Amino acid sequence: MNDTLVLIGLTYAPNSLMEQVPAGETRTEIFGEERSVTRAEWYEGGREGMKPAVMFVTPSVNYTGQQEAELRGRRYVIYRTYRRRDSE
């Protein structure tokens, strides 16, 4: 686990109508391992109109539902997460 990833989550605050609107971001740096997207993932993503570019493996305790991430200055949308059989 030599790679670092920044998980980006939104924070919300009420506006004048008391609606919850995005107010900022929280950034959390985590460690893990960058991997290539598998052929199956690339194919399935393509069927859904997506272009999977990278896979990042980290212990599940590091992830708390963030929807975006940044790796080496490039921002990505997290569209799928799953727990591996051999993970905690």
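Here are three short exercises on this predicted model, each with a worked solution.

**Exercise 1: Strand pairing**

Find which strands pair with S1, and in which sense.

*Solution.* Start with strand S2 (residues 20-35): strand S1 (residues 3-14) pairs with S2 in the antiparallel sense over twelve bridges. To see one of these contacts, look at Gly-9, whose bridge partner in S2 is Thr-26. Next, turn to strand S4 (residues 68-71), which pairs with S1 in the antiparallel sense over three bridges. Here Val-6 has Glu-70 as its bridge partner in S4. Finally, visit the hairpin of S1 and S2: five residues lie between the strands, and Met-18 takes a positive phi near 65 degrees.

**Exercise 2: A salt bridge across the sequence**

Work out which parts of the chain the salt bridge between Glu-41 and Arg-80 ties together, and whether Glu-41 is buried or exposed.

*Solution.* First, check the distance: the closest N and O atoms of Glu-41 and Arg-80 are 2.5 Å apart. Then place the partners: Glu-41 lies in helix H1 and Arg-80 in the segment after S5, so the pair links parts 39 residues apart in sequence. Last, compare with the cut-off: buried means under 20% relative accessible area. Glu-41 has 16% relative accessibility, so Glu-41 counts as buried. Arg-80, at 45%, counts as partly exposed.

**Exercise 3: A nonpolar patch**

Name the residues that make the nonpolar surface patch, and locate Met-50.

*Solution.* Begin with the members: Met-50, Val-77 and Tyr-79 make a patch of about 280 Å². Now follow the chain to Met-50, which sits in the loop between helix H1 (39-47) and strand S3 (55-57). Met-50 is partly exposed, with 34% relative accessibility.

Definitions and conventions: Residues are numbered from 1 along each chain as its sequence is written. This is a predicted model: local features need pLDDT of at least 70, side-chain atom pairs count only at pLDDT 80 or more; totals for chains, interfaces and linings use all residues. Side-chain values use heavy atoms; hydrogens and water are left out. Patches are made of residues with over 30% relative accessible area and no salt bridge: like charges are joined within 9 Å, nonpolar side chains (Val, Leu, Ile, Met, Phe, Trp, Tyr) within 5 Å. Accessible areas come from the Shrake-Rupley method with a 1.4 Å probe; for residues, only the protein chains shown count as cover. A salt bridge is a side-chain nitrogen of Lys or Arg within 4 Å of a carboxyl oxygen of Asp or Glu. Helices (H or I, at least four residues) and strands (E, at least two) are DSSP runs, numbered from the N terminus. Buried means under 20% relative accessible area, exposed over 50%, partly exposed in between (1.4 Å probe, protein chains only). Two strands pair if DSSP finds at least two bridges between them.
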